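Reader: I am new to reading protein models, and I would like to go through this one step by step. Could we begin with its surface and then move inward?

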Amino acid sequence: MRPFQISRRDALRRFVAGAGLTTALAAGPAFAPAALAQDRSVYSDNELVASGHHFFGSLSRGLAEAIQSVTKRWGQPNAYILGQEGGGAFIGGLRYGDGAMYTRNAGDRRIYWQGPSLGFDAGADGDRTMMLIYNLPSADSIYQRFGGIDGSAYLVGGFGVTALGANGVTVVPIRTGVGARLGINLGYLKFTRDSTWNPF
């Protein structure tokens, strides 16, 4: 029986192939962070626009402009709400709404909100609403009162945008059909697990 022998050419080929595999394995982990660079705990503009597209229908172009304006100012949210609300005012006013809150880690849940307002407006409105939520530490942290942040009211693409804050959490409602009521009333929103007529 002839002893097992490898020619110099075969040995060189095996060495080069092995070196290439070792280099590829060593380089693999270096590329992994780039693939995972996007923070999956927050929602991108594209995800938010896609989610709101069917909800807002033909208004989706204006919604995209509003979302881009909000994320440019506050960044990417880690939760959001899609819902409907109605309100009325004569100097003092009330607002009621319900919808679904979406989060990455805590799933989706039904949510309700109510709130009083005080201002110089009068009338009634009904809106579809998307609320972007920032720095929400847990899903239960939404159940509190959020007051208006000064100078936060503006119009983008036919949508009214305001900002509300409480304990480091910011909620930015993007509403349709708010018209002249935008920016001329002050108040807060209270989020609850169950529907209630008590706005306070």
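Author: Accessible areas come from the Shrake-Rupley method with a 1.4 Å probe, and for residues only the protein chains shown count as cover. The model is a predicted one, in which local features need pLDDT of at least 70, side-chain atom pairs count only at pLDDT 80 or more, and totals for chains, interfaces and linings use all residues. Residues are numbered from 1 along each chain as its sequence is written, and side-chain values use heavy atoms, with hydrogens and water left out.

Reader: What share of the accessible surface of the protein belongs to carbon and sulfur atoms?

Author: The accessible surface of the protein comes to about 11,600 Å². Of this surface, the part belonging to carbon and sulfur atoms is 58%.

Reader: Is Thr 71 buried or exposed?

Author: Thr 71 is found in helix α3, residues 60-74, where helices are DSSP runs of H or I with at least four residues and strands are runs of E with at least two, numbered from the N terminus. Buried means under 20% relative accessible area, exposed over 50%, and partly exposed in between, with a 1.4 Å probe and protein chains only. Because its relative accessible area is 8%, Thr 71 counts as buried.

Reader: Which element gives the largest share of the largest nonpolar core?

Author: A nonpolar core is a set of buried Ala, Val, Leu, Ile, Met, Phe, Trp, Tyr and Cys residues joined through side-chain atoms within 4.5 Å. Of the 20 residues in the largest such core, Val 70, Met 130, Leu 132 and Ile 174 touch the most other members. The largest share of this core, 4 residues, comes from α3.
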